[in-house]
Amino acid sequence: YPGAIDLGTQQAGIGTAYFGTDTFTYLALQNTTASPVSASIVVHLENGAGLNDNVTLPTVTVGGSDTQVIDVSSYLRATYANSGQATWGTIEVQYPTNALVAGSLTVSPEDRWAFDSGLVDPSSGSSTTKVLSPAVFDYDSDAKTYVTIRNVSAASRTVTATFKTSSGTTTTQATLAAGRQTALTFPSRNYLSPGQKSFTDVRLSYSGASTDIVGGAVSLSPSLHIAIPARLVEASSQDQRRLSGPSVWLDGRTTSVIEVANLSASAIKVGARIHLATDGTTPIATSLVTVAANSSAAIDLYSYINQVPDDVDGYGAVELWHNGPSGAIAATCLTLGRGTNVARVTAFVPGHSFPTGEAIAFPNSVTNTPNAVSQLSFLVGSGVQAPVTQVAYGGGTVTAATADGANVYKATYTAPSTLPTTTATVLARKATDLTLHLEGTINFNNVL
């Protein structure tokens, strides 16, 4: 259950699931203590379309350091009178201590898709804008994005769901009584034209406390047999311009895409750095991507697979670096099997602070032809006023770095006109520091 999370507090963990005649939903509970822990489970089947049922399962006791998997669907089929009515819903787990890790998995053997859901602890909410990321719209595959919203507060709440596609911005409102939920469906063909796709997010905003609302989403394409679960993420004031992702897979069999949500009122530049687990060399840095204010953008990691050495495993971790204020962005990473129906989504969390005296290069490896001109970007720490650029090795020329927004500089490198296959290294450093810093170095492969 890759989406499993530590439930953390004595509040409920809530996750999204689909209950149909040909689907199976499983709930996994892991006890991280040495003593037995009891948990109560409620399945909420309110879907905003007339169905308003809540089914309580028998209390489950998980032994010390043990794991239990509960077949939720089989229990509903055996005890629930409306089990033949397919619907989206939520699973709520309540527990007496902070000793559980939980996750759910919904599988359709007939349609050959599956998705996991990490249960969300409402009490961990920090904002009244929740981001469900990613949401994938695809006209040709007739994909649909399904969103569940649950009000866990003691008062009515009106929630606005907003997403942007290539055709514009869509806004939908839902008013939920205390303790109630709804399900929304967004078909791609309502918002796109033939051949169009959009990789975006759905934002839930409301007035109230940050702990009042939880939500989930799944983008489902039955024809492609793919279900892509969204993660509920929020911007954190602790990110200090650097976010960490737990894992990424980079090879010819998988596609990895980072979805970045900018929650600020200004455009932000963002770049990713991939650290391969079995390679101790410099991380792979992408080009910077500009994310417009209150919008989102994607970073396609698949285009960088040629930078993975042939003898190195493509598994590792990924970081996001940006030039905006702390708490400006939230992000997820989707890894999708190419030609398979396996999708995994992980959320980014605040990482270590941006190094004060560093200039970080984006990208840090470029292949050029003679006289080719490459755009270089450097995110800098607060201790770098203006980095000095120089060709530290090999041929070619580089311009002086100029400001390109807050905490970011740009320069251009021009490859030599006539050279055999060779390499060149461009360095960006503090004016007072003559030391070569790998983070600010770009390697060029100049080929005829």
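Which residue in S26 is the bridge partner of Thr-255? I looked this up and found Leu-336.

**Entry 1: model and confidence**

I note at the outset that the model is predicted. I read a mean pLDDT of 87 for the chain, with 91% of its residues at 70 or more. Ranking the elements of the chain by mean pLDDT, I found strand S1 (residues 5-6) lowest at 41 and strand S23 (residues 289-291) highest at 98. Over residues 1-11 the pLDDT stays under 50, although the model has 48 contacts beyond four places in sequence for this stretch. I take no detail from such a region, because predicted coordinates should not be read in detail where pLDDT is low.

**Entry 2: the four-stranded sheet**

I then followed the sheet that holds the pair from my opening question. Four strands make up this open sheet, with antiparallel pairing and the order S24-S20-S26-S27. Its edges are strand S24 (296-300) and strand S27 (343-347), each of which pairs on one side only. I recorded an average turn of 20° between neighbouring strands, direction ignored.

S20 and S26 run antiparallel and are joined by nine bridges; the pair of Thr-255 and Leu-336 belongs here. S26 and S27 also run antiparallel, with five bridges between them. On that side I noted Ala-347 in S27 as the bridge partner of Thr-332. S26 and S27 form a hairpin, and five residues lie between the two strands. In the turn I found Gly-339 with a positive phi of about 90°.

**Entry 3: the five-stranded sheet**

Next I traced an open sheet of five strands, in the order S13-S12-S15-S10-S18 and with antiparallel pairing. Strand S13 (168-176) and strand S18 (231-233) each have a single partner strand, so one side of each is left without a neighbour in the sheet. The twist from one strand to the next averages 25°.

I went through the pairings in turn. Strand S12 (residues 157-165) pairs with S13 over nine bridges in the antiparallel sense, and Thr-162 stands opposite Thr-171 in S13. S12 and S15 run antiparallel and are joined by four bridges; here Phe-163 stands opposite Val-202 in S15. S10 and S15 are antiparallel too, over eight bridges.

Which residue in S15 is the bridge partner of Leu-132? I found Val-202, the residue that Phe-163 stands opposite.

**Entry 4: the second largest pocket**

Finally I examined the second largest pocket, for which I noted about 380 Å³ of space. Its lining comprises 18 residues, and those nearest the centre are Val-136, Lys-197, Phe-199, Ile-228 and Leu-336. By class I noted 11 nonpolar, five polar and two charged residues in the lining.

Which strands each supply at least two residues of this lining? My list reads strand S10 (129-138), strand S15 (197-205), strand S16 (213-221), strand S17 (226-229), strand S20 (254-262) and strand S26 (329-337). S10 and S15 come from the order of the five-stranded sheet, while S20 and S26 come from that of the four-stranded sheet. I close with Leu-336, the bridge partner of Thr-255, which is also among the residues nearest the centre of this pocket.

How values were computed:
Residues numbered from 1 in each chain as written. Predicted model: local features only at pLDDT ≥ 70, side-chain atom pairs only at ≥ 80, totals over all residues. Heavy atoms only, no water. 1 Å grid on protein atoms, 1.4 Å probe; cavity = no way out; pocket = protein on both sides within 12 Å on 5 of 7 lines; lining within 4 Å. Points joined across faces, edges and corners; volume = space filled by probe spheres on them. Nonpolar A, V, L, I, M, F, W, Y, C, P; charged D, E, K, R; others polar. Pairing = 2+ DSSP bridges. Axes fitted to C-alpha atoms, helices over the stretch in contact; angles between N-to-C directions. pLDDT = per-residue confidence, 0-100. Contact = heavy atoms within 4.5 Å.
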